[in-house]
Each structure stands twice: as structure tokens, then as C-alpha cells.
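Welcome, and please open your viewer. We will take a short tour, one selection at a time.

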Amino acid sequence: MDVVKLQKQLVDYRASLYHEAFLDEQFTQLQELQDENNPDFVVEVVSLFFEDSERLLNELAKALEQQSIDFKRVDAHVHQLKGSSSSIGAQRVQKVCITFRNYCEEQNVEGCLKCLQQVKHEYSLVKTKLETMFKILAAGGSIPM
């Protein structure tokens with residue numbers, strides 16, 4: 001595939017991520033921080049988000065399995081996940097976290113468990129979408145700003 005086709009594929013794919021609300025303007029701002037001195041900046045930041053999110057999702061699952069749930073602890077994990085998803089522009093993950101935090105405040109176990117499944121699902125989707133975009137970039141595409 002030639003470079004022009006890769007670039008078009010990348011532009012179209014990226015546009016779909018915004019259109020489907022996987023990403024918001026924060027992701028664009030993150031990309032604007034990348035330059036020739038740090039060409040892998042976005043991939044590195046997003047990779048850290050993936051690592052942090054996996055850890056937080058595991059911590060949330062463990063906390064919600066407890067006989068006596070510490071909702072302050074659960075809320076602290078959700079707050080951290082909300083912040084990190086917001087920092088990379090993972091809009092759908094962030095929105096589920098907002099609802100999740102409301103259930104924590106209400107100490108609603110069923111609501112928290114439902115939100116945990118939703119946030120895992122949204123995280124999995126955005127991770128797959130971003131990994132696909134990075135593969136297109138690695139194949140020689142570039143995103144015109």
C-alpha cells in the first residue's frame with residue numbers, strides 16, 4: 001500500500017474515532033505535543049494509559065468482590081481512571097467513570113458492578129481502536145495536523 005493510501009486510511013480511521021466518540025479534542029492536543037524530538041510521544045503516553053488502566057481495572061474488580069466494599073477506595077480508583085482517560089481523550093471511558101463515581105457515592109453495589117463491566121468494555125474498545133491506529137502509523141502513515 002502506498003503512503004498516500006495509508007495516510008488517507010489513517011485520516012479516515014482517526015475521524016471515525018472522533019465521530020464515534022471514542023476520542024475527544026484532548027487526543028488532538030496530545031498529538032500536537034509530539035514533534036521530531038519525541039516522535040513516539042503519543043504511543044508512549046497511551047501505552048502508559050493502557051498499563052495504568054489494566055492495573056486500575058484489576059484493583060476495581062478485587063475491591064468489588066470483597067464482602068465489605070470500601071466505596072471510598074473504589075471511588076479513588078475510578079477517579080484515577082477517569083483522570084487518565086480524560087488526559088488522553090478516551091471520552092467513552094471517561095463518561096462511564098462519571099456514572100461509576102455516582103454509584104460509588106450512593107454505595108450502590110449493583111450499579112458499581114454494572115459500571116465495572118461497562119468501563120472494561122469501553123476500555124477494551126478504545127484500546128483496540130488505538131492499537132489499530134498505531135499499526136497504521138507504523139506501516140508508514142502519518143497524520144496531517
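Before we start, one term: a residue is called buried when its relative accessible area is under 20%. By that cut-off, cysteine 112 is buried, because its relative accessible area is 0%. Keep in mind that you are looking at a predicted model.

Now zoom out and show the whole protein chain as a cartoon. You should find six helices and zero strands, so following the elements from the N terminus reads α-α-α-α-α-α. Along its principal axes, the C-alpha atoms fill a box of roughly 55 × 30 × 20 Å. Of the 145 residues in the protein chain, 38% count as buried.

Next, select residues 38–140. An unreviewed UniProt entry annotates this stretch as "domain: HPt". Helix makes up 86% of the span and strand 0%, and its two end C-alpha atoms lie 17 Å apart.

Switch on the surface. The accessible surface of the protein chain is about 8300 Å², and 50% of that belongs to carbon and sulfur atoms. Then color the charges: there are 16 positive and 22 negative ones, and their mean positions are 5 Å apart.

For the last stop, select cysteine 104 and show its side chain. Is cysteine 104 buried or exposed? With 4% relative accessibility, cysteine 104 counts as buried. Its closest cysteine sulfur sits in cysteine 112, 3.9 Å away, which is too far for a bond. A disulfide needs the two sulfur atoms within 2.5 Å, and a search of the whole structure finds zero disulfides.

Note on methods: Residues are numbered from 1 along each chain as its sequence is written. This is a predicted model: local features need pLDDT of at least 70, side-chain atom pairs count only at pLDDT 80 or more; totals for chains, interfaces and linings use all residues. Side-chain values use heavy atoms; hydrogens and water are left out. UniProt positions are given in the numbering used here, feature names are shortened, and annotations may be inferred rather than shown by experiment. Helices (H or I, at least four residues) and strands (E, at least two) are DSSP runs, numbered from the N terminus. Buried means under 20% relative accessible area, exposed over 50%, partly exposed in between (1.4 Å probe, protein chains only). Accessible areas come from the Shrake-Rupley method with a 1.4 Å probe; for residues, only the protein chains shown count as cover. Lys and Arg count as positive and Asp and Glu as negative; His and the chain ends are not counted. The place of a charge is taken as NZ of Lys, CZ of Arg, CG of Asp or CD of Glu.
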